[in-house]
Amino acid sequence: MAESHGEAKGQKAGAHTETDGGHHGGAFPPFDSSNFASQLVSLAIAFVALYLIVSRFALPRVGGTIDARQNKIEGDLAEAQKLKDESDAALKAYETELANARANAQAIGNETREKLNAASEAERKALEEKLAAKLADAEKQIATTRTNAMSNVRGIAADAAGAIVQQLAGVTPDANAVNSAVDASLKG
């Protein structure tokens, strides 16, 4: 019984397919000329609806987004220019301060050099004065020593001449004669 029921069902399904498949009448519905007018009206309604949706909702949102983006870009560019101007001003101020600091350092260096040169010059002059005083004292001492030596030379020369004459001649010479001979010899 199950088999007969299955066969009947299969036959029925096969019969249905044959009846539907055999009666396709006419062209593809969008290309059917009898449907063109209704399709054009539907297309016009869909186009107008789509146009209204795009023009009322989508385009303002896109335009607003584009305007917001443009405003953001312009604001960022203005901010960047402002920051660039500030950094340029800060750089100029830094360079000015650096130039002032260098000038101050140069002035301090020159002033210190001049003070050290003046102190060195004063110290050199004081040292030269001390050395000149010592040199003058040394020259006086040398002159005194020379004078003493020269006065002693005369006495030593007189004694030596007297001793030489006594050794050679065997006679003690007269002291006045020896002194006059030494004086004549020293004068030249």
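# Close-up views of a helical chain

**View 1. Lys72 and Asp76 join in a salt bridge, with their closest N and O atoms 3.4 Å apart.** This is a predicted model, so every view below shows a computed structure. Where do the two partners sit? Lys72 and Asp76 both belong to helix H2, four residues apart, so about one helical turn separates them. Lys72 is partly exposed, because its relative accessibility is 48%. Asp76 also counts as partly exposed, because its relative accessible area is 40%.

**View 2. Asp88 and Lys84 meet through their side chains in a salt bridge of 3.3 Å, N to O.** How many residues apart are Asp88 and Lys84 in helix H2? They are four residues apart, which means a separation of about one helical turn. Asp88 has 31% relative accessibility and is therefore partly exposed. Lys84 reaches 45% relative accessibility, so this residue is partly exposed too.

**View 3. Lys115 and Glu111 form a salt bridge, and the N to O distance is 3.3 Å.** Look along helix H2 to find both residues: they lie four residues apart, about one turn of the helix. Is Lys115 buried or exposed? Lys115 is exposed, because its relative accessibility is 53% and the cut-off for exposed is over 50%. Glu111, with a relative accessible area of 43%, is partly exposed.

**View 4. Glu121, Arg124 and Glu128 are linked in a network of salt bridges.** Here three residues take part in the network. Stepping back to count, the structure holds five salt bridges.

**View 5. Phe47, Val48, Tyr51 and Leu52 make a nonpolar surface patch.** The patch covers about 430 Å². One of its members, Tyr51, is found in helix H2. Tyr51 counts as exposed, because its relative accessible area is 53%.

**View 6. Residues 36–54 are listed by UniProt as a "transmembrane region".** The label comes from an unreviewed entry in that record. In the model, the span of residues 36–54 is 100% helix and 0% strand. The C-alpha atoms at its two ends lie 26 Å apart.

**View 7. Helix H2 bends by about 40 degrees at Val54.** Which residues does this helix cover? Helix H2 runs over residues 36–169, and the bend at Val54 is a good place to pause while tracing the helix. Val54 is also the end of the stretch that UniProt lists as residues 36–54.

**View 8. Gly170 follows just after H2 and takes a positive phi.** The phi angle of Gly170 is about 75 degrees. To find this glycine, follow helix H2 to residue 169 and look just past the helix.

**View 9. The whole chain has three helices and zero strands.** What pattern appears when the protein chain is read along the sequence? The pattern is α-α-α. How much of the chain is buried? Buried residues make up 2% of the 188 residues in the protein chain. The chain exposes about 16,000 Å², and carbon and sulfur atoms supply 62% of that area.

Notes: Residues numbered from 1 in each chain as written. Predicted model: local features only at pLDDT ≥ 70, side-chain atom pairs only at ≥ 80, totals over all residues. Heavy atoms only, no water. Buried < 20%, exposed > 50% of the residue type's maximum accessible area, 1.4 Å probe, protein only. Areas by Shrake-Rupley, 256 points an atom, 1.4 Å probe, with all protein chains shown as cover. UniProt positions renumbered as here; feature names shortened; annotations may be inferred. Bend = angle between axes of the 7 residues up to and from the residue. Patch = residues over 30% accessible without salt bridge, like charges linked within 9 Å, V, L, I, M, F, W, Y side chains within 5 Å. Salt bridge = Lys/Arg side-chain N within 4 Å of Asp/Glu carboxyl O.
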